[in-house]
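Colleague: Could you take me through one part of this model closely, namely the second of the two chains? I would like to follow how that chain is built and then how it meets its partner.

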Amino acid sequence: MDRRRFIKNIGLTAAGAMAAPYLLPGGRLFAASGLRKVNHVVFLLFAGGVRNLESVQFNDGNLMPNMLIGGSAISNDILPAMDFLPPGPLSQPLQNYGTLFRQFRYKEGPTGHYNGHTVAVTGQYVSTDLNIREAPRNPTIFEYYRKHNSPQQTALNCWWVANTLGPYPALNYSSDPNYGAGYGANFISPNFLISQDGFNALGNPSSFTANEQAAFESIRKFANGNFDQSYTNPSAGITNTTTEAAQLQQFISDLYAKAQSGQFVNPWGVGPSMNNDMFNVMFAEEIIQRFKPELLTVNMQDVDIGHFNFSSYANHLRKADWAAAHLWSVIQSTPGMANDTVMVIAPEHGRNFIPNTSIDSYGRLALDHTSPSDGVSGDQMAREIFCLVVGPPTVVKQGLVVNSLSGESTEIVPTIANLLGFDNNIPASAGIKNYNQCDLAQAFF
Amino acid sequence: MKNSILLVFVFCFLFITSCEKEVDYLYEVNPVAVQSPGSIKSNAKSTVEFLTIAWADLFGTQIPQQELSKLNTIYVAFGDKKMIEDRILLNFLSKSGVQIPTQTNVAGDTLLYINNTYKKLFNRDANAFEKYYLKEQIRLNASMTSEVIWYALMTSDEYRYY
């Protein structure tokens with residue numbers, strides 16, 4: 001080979017290597033950027049069915065003054081139904097710390113709570129055949145995070161905090177054979193776990209000395225060695241390592257100790273106004289302060305009283321607003337998470353325009369959430385929601401309001417994945433929306 | 001002539017005896033599948049089954065329906081089932097009325113104690129190796145109390161299956 005041809009071949013090879021995309025084992029064309037915008041994401045599911053009319057459109061005044069700017073005073077006729085709430089914990093409304101999408105949409109599928117939650121955590125719409133007795137078929141954001149984030153993180157970094165039981169415990173991992181319990185989130189429903197019944201069941205465990213602990217570990221190891229089956233996930237749910245399980249045990253013990261010492265009696269100074277949603281958020285704050293998780297999802301659903309009592313729905317909306325502000329204040333006062341966290345707030349779906357026949361004592365008609373599944377016919381107001389994204393000013397555009405029809409529920413999962421820097425690691429076959437096509441991207445620099 | 005006859009006779013004798021087919025004796029045992037002692041158990045207990053059986057094993061009574069209902073609620077309120085089961089068992093062990101054989105039994109007829117424990121918790125006899133191992137552990141380790149042994153076996157994989 002002469003010198004001229006040698007140099008030419010080298011040049012062609014180098015150019016080819018640079019130009020040709022290379023196929024990675026996961027089926028991706030390019031390697032992950034791995035660039036994180038922040039190291040922590042909190043997803044607050046402002047759920048239970050919140051209608052835009054009462055939230056961002058201020059139809060009954062500003063019921064959410066800790067989150068939203070504008071609106072007038074609360075309508076006089078329902079004002080007596082509002083419980084006392086002290087001034088909010090933030091110096092200014094959350095809206096000022098980020099970007100508000102006033103015309104977000106839950107575009108497809110049944111407008112049911114579990115459907116909405118499933119869409120929110122999987123990033124994919126579900127149809128009418130969703131089985132509430134099973135884990136979601138599509139992987140959750142928790143599984144994407146634990147499988148694709150580099151380096152891989154344990155479940156202590158990944159939490160799903162639900163305000164109630166029913167089907168919701170099933171949302172911490174899917175039945176997808178490529179993901180599942182091995183990549184799931186730690187799930188907790190603290191309003192049930194940290195209760196009198198919970199204390200009776202778990203609050204007074206026998207303790208062993210170090211020698212006794214070594215003794216039972218050796219016997220257990222011997223017994224397990226003589227048995228073919230292993231009780232692990234998925235039968236055993238999410239599995240933490242022995243060390244992490246010990247940390248969780250201690251965390252639960254500490255929560256019971258706090259409960260016994262009265263620290264959960266009026267913890268926010270709101271007195272009897274403290275509702276189930278507020279307690280759930282308070283326990284999420286305990287997790288934040290203890291574990292500083294990289295990904296935490298927490299929900300609220302008390303506004304669903306709106307099926308029977310509109311004024312109470314409005315009242316619980318105020319409390320959910322107060323809780324959201326408190327959550328952000330705790331994040332900002334937690335070393336390691338302050339100025340390094342993005343919080344995404346969105347309802348799972350809205351409520352109907354046409355009320356049902358239940359009238360409350362203030363003469364208001366109640367609201368269901370039954371938009372037809374086709375996504376176009378009939379009363380589609382239950383698909384109209386908002387989304388508020390708050391975070392560090394270097395990451396999230398501050399004070400921006402997007403008034404146009406922009407964004408949908410399925411964009412939250414890819415957005416979280418992008419914020420934590422692993423969206424490119426998720427295989428295209430997963431079927432979630434590409435972050436670059438998400439309207440939510442407008443919120444970020 | 002006489003020698004020839006003798007030679008033919010010897011030759012025939014050797015020919016007849018030497019051609020006898022040698023019998024190959026093969027000594028072996030029938031094929032035996034090696035299985036672990038609890039290998040017939042392949043089904044994981046449900047939550048209710050686990051709680052009901054654990055209560056019955058420790059307290060010798062049927063769990064009250066209301067207690068079962070409350071425990072079941074707490075059980076589903078946390079995602080790591082192994083951890084929560086462990087915690088529920090530890091809480092059971094601290095309650096009054098637990099019927100675990102006392103320390104005297106452990107130190108007494110140890111083999112009988114081991115076998116009875118296996119029958120109670122695993123629904124089978126302890127095999128020779130299990131008896132030997134546990135007996136040695138009890139003999140050598142003062143921390144190997146009855147409560148420790150029961151807790152270890154009740155949190156083992158086999159206890160979670162039937």
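Modeller: Read from its start to its end, chain B of this predicted model follows the pattern α-α-α-α-α-α-α-α, which corresponds to 8 helices and 0 strands. The chain has 162 residues, and buried residues make up 31% of them. If we take the contacts in chain B between residues at least 6 apart in sequence, 65% of these join residues at least 24 apart.

The domain assignment of chain B gives two parts, with domain 1 covering 43–98 and domain 2 covering 100–162. The C-alpha centres of these two domains of chain B lie 20 Å apart, and the contact between them takes 10 residues from domain 1 and 10 residues from domain 2. On the domain 1 side of that contact, the elements of chain B that give two or more residues are H2 and H4. The residues on this side of domain 1 divide into 6 nonpolar, 1 polar and 3 charged.

Those two helices also pack against each other, and their packing deserves a slower look. Helix H2 of chain B spans residues 47–59 and helix H4 of chain B spans residues 81–93, and they meet at an angle of about 25° with their axes 11 Å apart. Angles under 35 degrees count as roughly parallel, and H2(B) and H4(B) are therefore described as roughly parallel to each other. Their crossing is right-handed. From H2(B), the residues that make the contact are Phe50(B), Ala54(B), Trp55(B) and Leu58(B), while H4(B) brings Glu85(B), Leu89(B) and Phe92(B). Sorted by class, this contact has 6 nonpolar, no polar and 1 charged residues. A general point about spacing helps in reading such a list: an α-helix has 3.6 residues a turn, so residues three or four places apart point the same way.

From here we can turn to the partner chain. Between the two chains, 43 residues of chain A are in contact with 43 residues of chain B. On the side of chain A that touches chain B, at least two residues each come from strand S4 (186–188), helix H4 (190–193), helix H5 (196–202), helix H6 (210–225) and helix H7 (242–260) of chain A. The largest share of that side, 9 residues, comes from H6(A). By class, the side of chain A that touches chain B has 21 nonpolar, 18 polar and 4 charged residues.

A single residue of chain B lets us see this meeting of the chains in detail. Val148(B) is found in helix H8 of chain B, which runs over residues 146–154. A residue is buried if 20 or more other C-beta atoms lie within 10 Å of its own, and Val148(B), with 27 C-beta neighbours inside 10 Å, therefore counts as buried. Leaving aside its neighbours within four places in sequence, Val148(B) is in contact with Phe208(A), Glu212(A), Ala215(A) and Phe216(A) of chain A, and with Ser143(B) of chain B.

Terms used: Residues are numbered from 1 along each chain as its sequence is written. Chains are lettered from A and ligands numbered from 1 in the order in which they are written. This is a predicted model: local features need pLDDT of at least 70, side-chain atom pairs count only at pLDDT 80 or more; totals for chains, interfaces and linings use all residues. Axes are lines fitted to C-alpha atoms, for helices over the stretch in contact, and angles run from 0 to 180 degrees between N-to-C directions. Helices (H or I, at least four residues) and strands (E, at least two) are DSSP runs, numbered from the N terminus. Angles under 35 degrees count as roughly parallel, over 145 as roughly antiparallel, 65 to 115 as roughly perpendicular and the rest as oblique. A crossing is left-handed if the near helix is turned anticlockwise from the far one by less than a right angle, and right-handed if clockwise. Two residues are in contact if their C-beta atoms, placed from the backbone, lie within 7 Å. Ala, Val, Leu, Ile, Met, Phe, Trp, Tyr, Cys and Pro count as nonpolar, Asp, Glu, Lys and Arg as charged, and the others, Gly among them, as polar. Domain bounds come from an automatic or database domain assignment. A residue is buried if 20 or more other C-beta atoms lie within 10 Å of its own, exposed if 12 or fewer, and partly exposed in between; C-beta atoms are placed from the backbone.
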